[in-house]
Amino acid sequence: GAFAGMSVEAMLYPLDTAKTRVQSRRGFRMSGGIRGIYRGIGTAVCGSAPASALFFITYEAVKSVVDRNGLAAASTQGYVATIMLASVLGELSAVCIRGPVDAVKQRLQTGQRCGSIFRLQPAVLAASVQATAMRD
């Protein structure tokens, strides 16, 4: 799971950077244009591995706890409900890592100098986690 998350992040990073720069208050050109399209990729890749790993750990743990006796697999509705619950809780746990990492990554993509999560204001972190949770 961690390797898959890192691979996807690396492949789609230029598109994510272009989207972030277009949506920036400063605009695409002032945020860096095409130059530095990979700025901040280290932060994204390093944050992707633990977020993906946490998702899959939570997902599997919830599935095994909810379906201890194997009854959920006996019915389609029980199986779907178990998978949905495990997925939602997995994403909510992963967003605790992915949200702050996305906030730092987006600042780096737009040329702002915030290379540390500890320099972000708590309100910015909370908004980032909330937006990431709603998106995922």
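Accessible areas here come from the Shrake-Rupley method with a 1.4 Å probe.

**Figure 1. The whole chain of this predicted model.** The chain holds 5 helices and 0 strands. Along the sequence, the pattern reads α-α-α-α-α. Accessible surface comes to about 8,400 Å², and carbon and sulfur atoms account for 66% of that area. Of the 136 residues, 36% are buried. Take the contacts between residues at least 6 apart in sequence: 67% of them join residues at least 24 apart.

**Figure 2. Packing of helix α3 against helix α4.** Helix α3 spans residues 41-66, and helix α4 spans residues 76-109. Their axes lie 7 Å apart, at an angle of about 165°. Angles over 145 degrees count as roughly antiparallel, so α3 is roughly antiparallel to α4. The crossing of α3 past α4 is right-handed. Sorted by class, the contact of α3 with α4 has 17 nonpolar, 7 polar and 4 charged residues.

**Figure 3. Close-up of Leu89 in helix α4.** Leu89 has a relative accessible area of 34%. Buried means under 20% and exposed means over 50%, so Leu89 is partly exposed. Setting aside residues up to four places away in sequence, Leu89 touches Thr58 and Val62.

**Figure 4. Leu89 and Tyr59, paired across the sequence.** These two residues are 30 apart in sequence. In space, the C-alpha atoms of Leu89 and Tyr59 are 7.0 Å apart. Leu89 belongs to helix α4, and Tyr59 falls within residues 41-66 of helix α3.

Key
Residues are numbered from 1 along each chain as its sequence is written. This is a predicted model: local features need pLDDT of at least 70, side-chain atom pairs count only at pLDDT 80 or more; totals for chains, interfaces and linings use all residues. Side-chain values use heavy atoms; hydrogens and water are left out. Axes are lines fitted to C-alpha atoms, for helices over the stretch in contact, and angles run from 0 to 180 degrees between N-to-C directions. Helices (H or I, at least four residues) and strands (E, at least two) are DSSP runs, numbered from the N terminus. Angles under 35 degrees count as roughly parallel, over 145 as roughly antiparallel, 65 to 115 as roughly perpendicular and the rest as oblique. A crossing is left-handed if the near helix is turned anticlockwise from the far one by less than a right angle, and right-handed if clockwise. Ala, Val, Leu, Ile, Met, Phe, Trp, Tyr, Cys and Pro count as nonpolar, Asp, Glu, Lys and Arg as charged, and the others, Gly among them, as polar. Buried means under 20% relative accessible area, exposed over 50%, partly exposed in between (1.4 Å probe, protein chains only). Contact means heavy atoms within 4.5 Å.
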